[in-house]
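Reader: I would like a close look at one part of this protein, namely a buried loop residue and what lies around it. Please set it in the context of the whole chain.

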Amino acid sequence: MNFRVVLYALGGVLRLLGLIMVVPLGVAYYYGESLTPFLVSILITTLTGFLLLTYKTEEEWMRKEGFAIVALSWLAAAVFGAIPFMLDGISPLNAIFESMSGFTTTGSTILTDIENHPKGILFWRGMIQWLGGMGIIVLFIAILPKLGVAGRQLFRAEAPGPTEDKLKPRVKETARILWVVYFAISLLQVIVLLLAGVSLYDSVNHTFTTMACGGFSNYALSVEAFNSPLIEFIITFFMFIAGANFALHYRAIYIDKKFLFKDDEFRFYTVLVLSATAILAILLWRDMGTGFFNSFRFAIFQIVSIMTSTGFATTDFNLWSDSAKMVLIVVMFIGGCAGSTGGGMKVVRVLILLRHSRAELFKAIHPRAIKAVKFNNKNVPDEIVNSIVSFVVIYLLVFLLSTLILSVLGMDIITSFTASIATLGNIGPGLNVVGPMGSFAPIPPLGKLVLIANMWIGRLEVYTVILLFTPEFWSK
C-alpha cells in the first residue's frame, strides 16, 4: 500500500469539499444567518486538504490504492462534512451520524427539531445528499485532470452494481456525462416543483434529496408537510427515475428512446414497483379502510420511496397493518438499479440470482445440460454470478450482526431489524422507534457507531469497506 498516494488523493477530495461549502455559506448569508459554522468549516477542511497535498507523488495508483482512496474519501467527507453540524450545536457523534447519512444518501436522521435549524444548515444537509448521490469520487474524477489509470481504479471501486458501466472509453468522460445527466434531471425537477407551487428553497432542497434517493426533508413530517397529491406524484416520478441506471438515461436521451425498456433490469424494476404497489394498495384498502385513491396514492409513493432507498414519507406507515409493513420490508432488501443513486442489494443482483436459481433447478433435473444465466441476451460469466452470491452472503451477515448488536444494546427486535437494514441499504426510516415520523436519536452511542459503519459499508457496495479490515489488503 502506497500511503503517499492515498493521502494525496484525500487532500484533493477535501480541497474540493471545502470549495463546495461556499454554496451553503451563500445561502446562510442570504437568509441573514450566522456564517461562522461554514467559515470555520471551509478553513479547517481546505487547510487540511492543502496539507495532505504536500504528499504529492508521481507514482501510479493501483487497485489497492483505488479501494483505499474511495473508502477513506467517503469517511473523510462524512467527518469534515459534520463540522457545520457540530458548530450548530449538535454533538460530534450525532453530527457525524447525520453527515454520514447525508453523504451516503441514507436519510436516517438524529434530528428531532428539524424546522428549528438554520436554513443554511438544512441546505447543506440536503446538498451533501445530492453530492453523495452521484458520488463524490465520480465528481472528483470528472473535474480532476490527468487521472488516467487512477481514474479507472477509483471508478471501479465506487461503481454501484456487479459491473462498471462505462459510456465512453475514458472514465473521465463517463463521469462527466453521468454528472451532466444528473444535473439536467435535477434542474427539471426544480422547475416542475416550482410550477406546482413549491418555494424555490424547498424545491431545490427536495430535488437534492429526491435525485440522490436520500430522503432528507426540511420538515419533520417529510413530504406529508406539503399535503398535496400533485407534489407527491411529482416526487414519486423523479424518485422512480433516480432509482434507475443513469447510464441508461443517457442512452435513452442520446441514442435510442426505447433503450430503457430494452434493458432486463429496468423492466424487472418496473414490474417489481407496480406489483408491490398493487399489493400494498389492496392491503391498505382492506386492512386500513383507506379509500381507493388514497390507498393507491400512499402505496405508490411509499413503495417507490422505500425501494429506491429515498425514504420520504407521506404518512406514518408505523400505524399500518403488519402485512402492509411486511411489503415495505421486502422491498427494503431489493433496492434500486445498478448505476442509480438508490441503495439496497440492487435489482440486477436479485434478477441474476433468480435466474441462477432457475438454472440450478433445471440442472438438478437435467444434470448433463448446460444452462447459462443470461442478462440482456448475453451470458453472465460465472465469476460475476459467484461475486453476486458472495456479496449477498456478506451483506446479510453484516445486517444480522448489526441487528444482534442493537438488540443486545436494548433496542426491540423490530427497531433493531429495520434500523439495520435501513442504514445498510441506505434507505432512511425503519419501523417502531426509527419510524418515518421518529428519529435515530434514541439509539445508544455504540449503536449509532454500528449504524454509521452500516451506512458507509452499504453505500460502497460492501467489498470496498470490508477489504480495509482484511490483513491481506495491507500486506505488500
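Author: What follows starts with the whole chain, moves to two loop residues that touch, and ends with some helices and backbone angles.

The model is predicted, not determined by experiment. The protein chain is made up of 23 helices and 2 strands, with loops between them. Its radius of gyration is 22 Å, while the globule rule gives 23 Å for 476 residues, so the chain is as compact as a globular protein of that length. Along the principal axes, the C-alpha atoms fill a box of roughly 60 × 55 × 50 Å. Of the 476 residues, 59% count as buried. Among contacts with a separation of 6 or more, 72% are between residues 24 or more positions apart. The accessible surface is about 19,700 Å², and carbon and sulfur atoms contribute 68% of that. The chain has 35 positive and 29 negative charges, and the mean positions of the two sets lie 10 Å apart.

Now to the part you asked about. Thr341 sits in the loop between helix H17 (322-334) and helix H18 (347-365). Is a residue in this loop, Thr341, buried or exposed? Its relative accessible area is 4%, and buried means under 20%, so Thr341 is buried. A place in a loop therefore does not put Thr341 on the outside: the value of 4% makes Thr341 a buried residue.

Which residues does Thr341 touch, leaving aside those up to four places away in sequence? They are Thr105, Gly133, Met134, Tyr182, Met211, Ala212, Cys213, Ala242 and Phe246. Another residue to note here is Trp130, which is 211 residues from Thr341 in sequence, yet the two C-alpha atoms are 9.3 Å apart in space.

One of the residues touched by Thr341 is Cys213, and Cys213 also belongs to a loop, the one between H11 and H12. Cys213 has a relative accessibility of 0%, so it counts as buried. Beyond residues up to four places away in sequence, Cys213 touches Thr105, Met239, Ala242, Gly243, Thr308, Ser309, Thr310, Thr341, Gly342 and Asn426. Thr105 and Ala242 appear in this list, and they also appear among the residues that Thr341 touches. Cys213 and Ile241 are 28 residues apart along the chain, with 9.8 Å between their C-alpha atoms.

The loop that holds Cys213 also holds Asn227; this loop runs between helix H11 (200-211) and helix H12 (229-242). Asn227 has a relative accessible area of 62%, and exposed means over 50%, so Asn227 is exposed. The one loop thus contains a buried residue, Cys213, and an exposed one, Asn227.

Asn227 is also worth a look for its backbone. Most residues other than glycine have a negative phi. Asn227 is not a glycine, but its phi is positive, at about 50°. Asn376 is another such case, with a positive phi of about 55°. Asn376 is in the loop between strand S1 (374-375) and strand S2 (378-379), and with a relative accessible area of 26% it is partly exposed.

H18, which borders the loop of Thr341, also helps to cover another helix. Helix H19 (residues 382-408) has 27 residues and reaches 39 Å from its first C-alpha to its last, close to the 39 Å expected at 1.5 Å a residue. The buried residues of H19 are Ile384, Val385, Ile388, Phe391, Val392, Tyr395, Val398, Phe399, Ser402, Thr403 and Leu406. Their cover includes H17, H18, helix H20 (413-424), helix H21 (445-459) and helix H22 (463-466). After H19 comes Gly410, with a positive phi near 105°.

Helix H10 (residues 171-195) gives two residues for contrast with the buried pair, one of them Leu187. Leu187 has 45% relative accessibility and so counts as partly exposed. Between the C-alpha atoms of Leu187 and Thr207, 20 residues apart along the chain, there are 8.1 Å. Leu194 lies in H10 as well, and it is partly exposed at 37%. Apart from residues up to four places away in sequence, Leu194 touches Ser199, Leu200 and Ser203.

To return to your question, Thr341 is a buried residue in the loop between H17 and H18, and it touches Cys213, which is buried in the loop between H11 and H12.

Definitions and conventions
Residues are numbered from 1 along each chain as its sequence is written. This is a predicted model: local features need pLDDT of at least 70, side-chain atom pairs count only at pLDDT 80 or more; totals for chains, interfaces and linings use all residues. Side-chain values use heavy atoms; hydrogens and water are left out. Helices (H or I, at least four residues) and strands (E, at least two) are DSSP runs, numbered from the N terminus. The radius of gyration is taken over C-alpha atoms; the globule rule is 2.2 Å times the number of residues to the power 0.38. Buried means under 20% relative accessible area, exposed over 50%, partly exposed in between (1.4 Å probe, protein chains only). Contact means heavy atoms within 4.5 Å. Accessible areas come from the Shrake-Rupley method with a 1.4 Å probe; for residues, only the protein chains shown count as cover. Lys and Arg count as positive and Asp and Glu as negative; His and the chain ends are not counted. The place of a charge is taken as NZ of Lys, CZ of Arg, CG of Asp or CD of Glu. The expected span of a helix is 1.5 Å times one less than its number of residues.
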